[in-house]
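Work through the exercises below with the sequence and the structure open side by side. Try each task before reading its solution.

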Amino acid sequence: MKQTLIIGASGQIGKKLTQLMLDNDQHLVALVRDKSKLSDIHNDKLTIVEEDLNKDFGHAFKDCENVVFAAGSGGHTGADKTILIDLWAACRAADYAKNHDVKHFTMVSSIGAGDPSEGPENMHPYLVAKHMADDHLMNSGLHYSIIRPGSLTNDTGKGKFTNERPEQKEQATITRDDVAKALLFAVTNPPKTSAITEIFNGSKSIDEVLPS
């Protein structure tokens, strides 16, 4: 049975993706720290694994062909949590995936991860963590999609995208709803070759924006 592991399935994007994939009739393993955060989702195709990402979570990868790393330390934590989750846990996830012969790994990264020094100073620890996690995945030998969304908003999803960074910083945004839709596409339509894509809200359909 083909299964997808979502790491961080109770987060703001992860939970949206979890519901979208279940609606798309996908079999899922949801890795969360607190399973009560998914108590409102009931589906026979969903298996919930409760584990701390600072501990050994390799067992969650068993029988999973696809992995999505959607975990994050959150905007209200310090650099220490950013290093432990956005960097170290992401790197370990890639290592676990390699050991379990995962077919495709999708990483939720960030705009600015390509060159952290260009980002705002207060974002440097986060962007450096994302940069190094992306780099580790790229050198892992895994087939991957790295999705680098613009600034996230909680607006209602627009269903329209672009992979061209807007010239105006205030326009370089994307809703969390639409990031989840992009991740669904990446999982169900993995690219022929590994790819890194920045995504923002725009005027195109997702199949025009993400490689497949």
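The exercises that follow treat one helix, the sheet, a central strand and the nonpolar cores.

The model is predicted: local features need pLDDT of at least 70, side-chain atom pairs count only at pLDDT 80 or more, and totals for chains, interfaces and linings use all residues. Residues are numbered from 1 along each chain as its sequence is written, and side-chain values use heavy atoms, without hydrogens and water.

**Exercise 1. Compare the span of helix α1 with the expected one, then find its buried face.**

Step 1. Helices (H or I, at least four residues) and strands (E, at least two) are DSSP runs, numbered from the N terminus. The expected span of a helix is 1.5 Å times one less than its number of residues. Helix α1 (residues 12-23) has twelve residues and should therefore span 16 Å; its end C-alpha atoms lie 17 Å apart, which agrees.

Step 2. Buried means under 20% relative accessible area, exposed over 50%, and partly exposed in between (1.4 Å probe, protein chains only). In α1 the buried residues are Ile13, Gly14, Leu17, Thr18, Met21 and Leu22. Seen down the helix axis, these buried residues fall within an arc of 160°, so they line one face of α1; the arc is that of the directions from the helix axis to the C-beta atoms.

Step 3. On the face turned away from the buried side are the exposed residues Gln12 and Asp23. Just after α1, Asp25 has a positive phi of about 65°.

**Exercise 2. Give the strand order of the open sheet and identify its edges.**

Step 1. Two strands pair if DSSP finds at least two bridges between them. The open sheet has eight strands in the order β3-β2-β1-β4-β5-β6-β10-β8, with mixed pairing.

Step 2. At the edges stand β3 and β8, each with a single partner strand, so one side of each has no neighbour in the sheet.

Step 3. Strands β6 and β10 run parallel and are joined by five bridges, with Ser145 opposite Ala195 in β10. By contrast, β8 (residues 161-162) and β10 run antiparallel over two bridges; Phe161 has Asn201 in β10 as its bridge partner. Of the seven residues of β10 (residues 195-201), six are buried, so this strand is largely enclosed by the rest of the structure.

**Exercise 3. Describe the surroundings of strand β5.**

Step 1. Five of the five residues of β5 are buried. His104, Thr106 and Val108 point one way, and Phe105 and Met107 point the other way. In a regular strand the side chains alternate between the two faces of the sheet.

Step 2. Four bridges connect β4 and β5 in the parallel sense; Val67 stands opposite Phe105, and Asn66 has His104 as its bridge partner. Four bridges also join β5 to β6, again in parallel, and Val108 is partnered by Ile147 in β6.

**Exercise 4. Which residues have the most contacts inside the largest nonpolar core?**

Step 1. A nonpolar core is a set of buried Ala, Val, Leu, Ile, Met, Phe, Trp, Tyr and Cys residues joined through side-chain atoms within 4.5 Å. The largest one has 31 residues, and those with the most contacts inside it are Leu5, Ile7, Phe61, Phe69 and Phe105.

Step 2. The largest share of this core, nine residues, comes from α2.

Step 3. A second, separate core of 30 residues includes Leu38, Val108, Leu184 and Ile199.
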